[in-house]
Each structure stands twice: as C-alpha cells, then as structure tokens.
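Here are my notes on the model, as numbered points. Have the coordinates open while you read, since I go back and forth between strands and side chains.

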Amino acid sequence: NENKIIQANSSSFYNTQLSSSAISENFLVVGEPEYNPTGKFEEGHLSVYRWDGSSWVSESLILADEYRQEGAQLGYSVAIEGDTLIAGAPGWNILNDGTGARLNNAGRIYVFKRDSGSVWRLQKVLENPRQPTSNRSSNQLGMRVQIANQTILGIYHGDLREIGVWN
C-alpha cells in the first residue's frame, strides 16, 4: 500500500524536480538538484526521511552549506548505506591549479554520516584527482553514485567515462 507521497520542494522560483532516491533500512534520501535555497540556480539539496514504524517522517534537509555553488546540482544522484549517505553534484565548477581558468562541470561527491541523533554531517568531499588542464567542460563526477560495504563508486561522465572507487 502507498504510505506517503513525497513532493519536490516548491519554494524556489523555478519548478524543481526530484532526480534521485535511495533507501536503506529505515532511511529514505531524495535528491533535488534543481532546488534554489539561496536563489542560486540549481544549487540542489537532499531530503532525508525516517520510517517511524507507520509512516515516512521528514528528518533532515541537507544543504552542503560551505560548498554551495550555483549550478552544482547537489542530489543529482544519491546512495545510502546505514549511517552513510553520499550525493553527487556533477555541475560543480572549480578553478584549475590556481590559474583562474574555470573548469566547468568537474563534479564532486559529498559523503555525509549520521550522528547518534538525526543530524547528517559532512565527512568528506571526493573529487577527481586527475582534472583536465584546459578551460573546458569536464568530467561531471557524481552523475551516478553507489555505496556498498563502505566502498563508494562514482561515475564520471564527459571526458573520462570512467568509474572512480574510494574505500
């Protein structure tokens, strides 16, 4: 039986869409990469729901605060295993080697851990160690993510067409 309908957050100017979801044990995470919490286009966020025994209850709204960036698309892909949640942000842009050259769509993967309560804390940010050296569109790390036995897989799109593995 259907228990609850989860809708995209409609508080932003643009119509947002749910892009990804994952479930593990009593937690459901939903990625909404087009969400604009600070007015920056497609910043993205994650919503975490907890099964309380009879329904899905909203537990957390995750915004990678110190890493907010217009177009990053946090939540484009998500995965969860126990108290570890990972989220792709394939639109993340970086400056290349301090030269000031903009590297578009390099992408990132964010790793969050749940503390003993209901707070999901950012543990680390994964990036491609072999970023291209030219001023062009890049690898879009985080287009798809997976986690199993605390091993993280991140699919690169764009130039590399590879899978990154982090233990």
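1. A cut-off to start with: a residue counts as buried when its relative accessible area is under 20%, as exposed when that is over 50%, and as partly exposed in between. F27 comes out at 7% relative accessibility, so F27 falls in the buried class. Do keep in mind that this is a predicted model.

2. Now the overall make-up. The chain has 13 strands and 0 helices, so if you read along the sequence you just get β after β, from β1 to β13. Of the 167 residues in the chain, 46% are buried. The exposed area is about 8800 Å², and carbon and sulfur atoms supply 44% of that. As for contacts, take those between residues at least 6 apart in sequence: 46% of them join residues at least 24 apart.

3. Next, the inside. The largest nonpolar core holds 20 residues, and V29, L46, L85 and W120 are the ones with the most contacts inside it. Several strands feed this core with at least two residues each: β2 (27-32), β3 (45-51), β5 (77-81), β6 (84-89) and β9 (108-114). Which strand gives the largest share? That is β6, with 3 residues. There is another core apart from this one, with 11 residues, and V111, V145, I147 and W166 are among them. As a general remark, nonpolar side chains in soluble globular proteins tend to be buried together.

4. Aromatic pairs are worth a look. The whole structure has 3 of them. In one, the ring centres of F27 and W120 are 5.6 Å apart and the planes stand at 85 degrees; planes over 60 degrees apart count as edge-to-face, so that is what this pair is. The pair ties together distant parts of the chain, with F27 in strand β2 and W120 in strand β10, 93 residues apart. F27 is buried, as noted in the opening point, and W120 is buried too, at a relative accessible area of 8%.

5. On to the sheet that includes β2. It is an open sheet of 4 strands in the order β1-β2-β3-β4, paired antiparallel. Why do β1 (20-24) and β4 (56-62) count as edges? Each has a single partner strand, so one side of each is left without a neighbour in the sheet. Neighbouring strands here are turned by 20 degrees against each other on average, direction ignored. β1 and β2 are held by 5 bridges in the antiparallel sense, and A22 stands opposite V29 in β2. That is the V29 listed among the residues with the most contacts inside the largest core.

6. There is also an open sheet of 3 strands, in the order β11-β12-β13, again with antiparallel pairing. Its edge strands are β11 (144-148) and β13 (163-166), each of which pairs on one side only. The average turn between neighbouring strands of this sheet is 15 degrees, direction ignored. β11 and β12 (residues 151-155) run antiparallel, joined by 5 bridges, and I147 has I152 in β12 as its bridge partner. I147 is also one of the residues of the 11-residue core.

7. Then β9 and β10. A hairpin connects them through 5 residues. β10 covers residues 120-126 and runs antiparallel to β9, with 6 bridges between the two. Within this pairing, K113 stands opposite R121 in β10.

8. Last, a spot to zoom in on: E81, which sits in strand β5. Is E81 buried or partly exposed? With a relative accessible area of 21%, E81 is partly exposed, since buried requires under 20%. Apart from its neighbours within four places in sequence, E81 touches S24, I147, A148, N149 and Q150. E81 and I147 are 66 residues apart in sequence, yet their C-alpha atoms are 6.6 Å apart. On the other side of one of these contacts is S24 in strand β1, which is buried at a relative accessible area of 11%. Beyond its own neighbours within four places, S24 is in contact with I80, E81 and G82.

Technical notes. Residues are numbered from 1 along each chain as its sequence is written. This is a predicted model: local features need pLDDT of at least 70, side-chain atom pairs count only at pLDDT 80 or more; totals for chains, interfaces and linings use all residues. Side-chain values use heavy atoms; hydrogens and water are left out. Buried means under 20% relative accessible area, exposed over 50%, partly exposed in between (1.4 Å probe, protein chains only). Contact means heavy atoms within 4.5 Å. Accessible areas come from the Shrake-Rupley method with a 1.4 Å probe; for residues, only the protein chains shown count as cover. A nonpolar core is a set of buried Ala, Val, Leu, Ile, Met, Phe, Trp, Tyr and Cys residues joined through side-chain atoms within 4.5 Å. Two strands pair if DSSP finds at least two bridges between them. Axes are lines fitted to C-alpha atoms, for helices over the stretch in contact, and angles run from 0 to 180 degrees between N-to-C directions. Rings of Phe, Tyr and Trp (its six-membered ring) pair if their centres lie within 6.5 Å; planes under 30 degrees apart count as stacked, over 60 as edge-to-face and the rest as tilted.
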